[in-house]
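User: I am new to reading protein models and would like to go through one feature at a time. Could you give the general idea first and then show me the case at hand?

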Amino acid sequence: MLVVLAAVAWFVVIRPAQQFLAGWKAPPTQSQGQTPPPPSGNVQAPLTQADVQKFVRIRRDIRTALGESFTGAQQVYAQIQAGQTPNLVQVLNVVRQVGSSVGAARTAQSAALAREKMSLERYAAVRSDVNRGLGLPDVDFAKAADALQKGQTPDLNTTVKTATTQEKALVEPFRQELTATAAVGLLGL
């Protein structure tokens, strides 16, 4: 019985979590010219229409790379939007489902960032502004997975920060698409 439980834990929880963390942490193999540009200028500059358009194009590439494994993350994100905080089992299930696709999504993200000439730091700031403009919480399962790996309880803060009128106006033309792909942000993408 103990052997069976150990095997189930290994194949259902531990191994998928390791795959997810490997895809999340390991820099994707890139050819020359696909490295995202380093941060330049003010990474925390106010959100612009050009930033939102770049963000949407990058998000499309990431969503395509994730494929069908994205469904579980979308379901958990819908629960978060409904005001429910996911439990540890739900987080681990999402990690297990998307574990194999995260590496491909990171590669797609890096290529898209290079194409759009946007740094990873600016992308993260824009993602936060876009989520605020949509009225969504800024939850990142990649940070939660890192905390779990360190033996800490993850902070799954679902507080929604108030957006400015400008942020709301800039994301409005893309609201439907951005809301549908908001769960990608759960993976730190």
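User: Which residues of α3 are buried?

Analyst: Please keep in mind that this is a predicted model. The general idea for a helix is that it has 3.6 residues a turn, so residues three or four places apart point the same way. Here the buried residues of α3 are Phe70, Gly72, Ala73, Val76, Tyr77 and Ile80. Seen down the axis of α3, these buried residues fall within an arc of 160°, so they line one face of the helix.

User: How many residues does helix α3 have, and what span should they cover?

Analyst: Helix α3 covers residues 70-81, and because each residue adds 1.5 Å, its twelve residues should span 16 Å, which agrees with the 17 Å between its end C-alpha atoms. After α3 comes Gly83, which has a positive phi near 95°.

User: How many helices and how many strands are in the protein as a whole?

Analyst: The protein has nine helices and zero strands, and buried residues make up 43% of its 189 residues. To see how the chain folds back on itself, one can look at the contacts with a separation of 6 or more, of which 85% are between residues 24 or more positions apart.

User: Which residues have the most contacts inside the largest nonpolar core?

Analyst: That core has 33 residues, and Ile62, Leu66 and Leu178 are those with the most contacts inside it. The elements that give two or more residues to this core are α2 (49-66), α3, α4 (88-98), α5, α6 (120-134) and α8 (165-171), and the largest share, six residues, comes from α2. Leaving aside its neighbours within four places in sequence, Leu178 is in contact with Phe55, Val56, Arg59, Val130, Leu134 and Val171.

User: How many of the 15 residues of α6 are buried?

Analyst: A residue is called buried when its relative accessible area is under 20%. Twelve of the 15 residues of α6 are buried, so this helix is largely enclosed by the rest of the structure. The buried residues of α6 include charged ones such as Arg122, Arg127, Asp129 and Arg132 alongside others such as Tyr123, Val126 and Leu134, and what covers them includes α2, α5, α8 and α9 (175-180). Just after α6, Gly135 takes a positive phi of about 80°.

User: Which residue forms a salt bridge with Arg132, and are the partners buried or exposed?

Analyst: Arg132 forms a salt bridge with Glu167, with the closest N and O atoms 2.9 Å apart. This pair links distant parts of the chain, since Arg132 is in helix α6 and Glu167 in helix α8, 35 residues apart. Arg132 is buried, with a relative accessible area of 18%, and Glu167 is also buried, at 9%.

User: How many salt bridges are there by this count, and where do Glu177 and Arg60 lie?

Analyst: The count comes to eight salt bridges. In one of them the side chains of Glu177 and Arg60 meet at 2.6 Å, N to O. Glu177 lies in helix α9 and Arg60 in helix α2, so the pair ties together parts that are 117 residues apart in sequence. Glu177 is partly exposed, with a relative accessible area of 27%, and Arg60 is partly exposed at 39%.

User: Which residues are linked in a network of salt bridges?

Analyst: The network links Arg57, Asp61, Arg115 and Glu116. Within this network, the side chains of Arg115 and Asp61 meet in a salt bridge of 2.7 Å, N to O.

Conventions: Residues numbered from 1 in each chain as written. Predicted model: local features only at pLDDT ≥ 70, side-chain atom pairs only at ≥ 80, totals over all residues. Heavy atoms only, no water. Helix = DSSP H or I, 4+ residues; strand = E, 2+ residues; numbered from the N terminus. Buried < 20%, exposed > 50% of the residue type's maximum accessible area, 1.4 Å probe, protein only. Contact = heavy atoms within 4.5 Å. Expected span 1.5 Å × (residues − 1). Arc of directions from axis to C-beta. Core = buried A, V, L, I, M, F, W, Y, C linked by side-chain atoms within 4.5 Å. Salt bridge = Lys/Arg side-chain N within 4 Å of Asp/Glu carboxyl O.
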